[in-house]
Amino acid sequence: GAMVNEDLKTLLVEQKLLKSNFLKRTVTVDFYLPKNIHPSELSLLLINDGQDLSKMPFDEMLDQLIDSNGIKPVVCIGIHAGADRKNEYGTANVLDFAGRGAKAKAYNQFILGELLPYIHTTYCVDQFEQKAFAGFSLGGLTALDMTWNYPEVFSVAGIFSGSLWWRTKSLDDDYNEETDRIMNQQIKEGSYHPGQRFFFTTGSLDETDDRNNNGIIDSIDDTMSLIEELNKHGYISEYEVKYMNFEDGKHDVATWGRAMPYFLLWAFSK
């Protein structure tokens with residue numbers, strides 16, 4: 001049943017508990033529902049680590065953007081992470097060097113086989129103008145992995161300080177920058193999907209690690225190399241690939257909250 005109900009000017013926010021057979025657990029999900037919708041121009045946005053959205057606060061931000069007519073109405077879904085986040089998130093087809101991401105395939109199945117059908121049925125929407133997936137850190141990697149692998153489902157990805165370092169070899173095990181970053185590799189080996197769009201943010205204070213000692217922190221380095229791979233496939237315009245770095249941005253919810261309105265406007269503006 002609904003736990004928390006919040007009534008804003010343009011939004012109704014309700015929390016539900018969904019039982020997942022794929023994840024074998026109950027998933028807490030927050031639904032941010034626009035009140036006045038014209039189904040033909042309604043989009044959908046799924047967000048990993050949905051438990052962090054209230055700290056932004058996402059609801060007020062979204063309410064304001066819809067109210068001021070800045071963006072088209074969008075149903076937003078904040079999916080709370082489970083206790084086993086490091087296994088449920090990650091790349092579904094390849095485990096990282098430490099075996100993390102073991103339940104990422106099950107998480108994909110939860111999204112595609114349980115959550116999306118639930119949304120369509122419960123809110124009586126046959127199809128959305130665009131379906132977007134966003135996330136922070138490891139949740140951002142997951143959102144990108146799913147969008148890239150299911151282009152017929154998702155057209156937009158929002159990656160906030162994505163864990164694009166996710167790798168098949170540990171750094172002390174013959175690690176090769178060119179081949180061992182899992183998501184970069186998937187994109188390298190993939191192809192152009194017409195209609196797909198990608199939004200990336202980093203913060204200059206995301207971390208201090210610099211694997212290849214080139215004076216650029218890994219978070220920025222990994223993001224820029226991945227964007228390069230997207231460029232090679234033909235994703236070139238700012239409409240298709242947008243990158244923002246926040247000079248004073250950290251690897252935290254406050255920074256992702258600052259970046260969020262830019263993403264929402266880029267993805268859903270009128």
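Which residues of helix α4 are buried? In this predicted model, local features require pLDDT of at least 70 and side-chain atom pairs count only at pLDDT 80 or more, whereas totals for chains, interfaces and linings use all residues. Residues are numbered from 1 along each chain as its sequence is written, and side-chain values use heavy atoms, with hydrogens and water left out.

The buried residues of α4 are Leu138, Gly139, Gly140, Leu141, Thr142, Ala143, Leu144, Asp145, Met146, Thr147 and Trp148 (buried, under 20% relative accessible area; exposed, over 50%; partly exposed, in between; 1.4 Å probe, protein chains only). Because 11 of its 12 residues are buried, α4 is largely enclosed by the rest of the structure. Helices (H or I, at least four residues) and strands (E, at least two) are DSSP runs, numbered from the N terminus. The end C-alpha atoms of α4 (residues 138-149) are 17 Å apart, in agreement with the 16 Å expected at 1.5 Å a residue (1.5 Å times one less than the number of residues).

Strand β6 (residues 131-136) is likewise largely enclosed, since 6 of its 6 residues are buried. Side chains in a regular strand alternate between the two faces of the sheet. Lys131, Phe133 and Gly135 point one way from β6, and Ala132, Ala134 and Phe136 the other way.

β6 pairs in the parallel sense with strand β4 (residues 43-48) over 4 bridges (pairing requires at least two DSSP bridges), and Ile47 stands opposite Ala134. A parallel pairing over 5 bridges links β6 to strand β7 (residues 156-160), where Ile159 is the bridge partner of Gly135. Together, β6, α4 and β7 form a right-handed β-α-β unit (with the strands pointing away from the viewer, the path from the first strand over the helix to the second runs clockwise).
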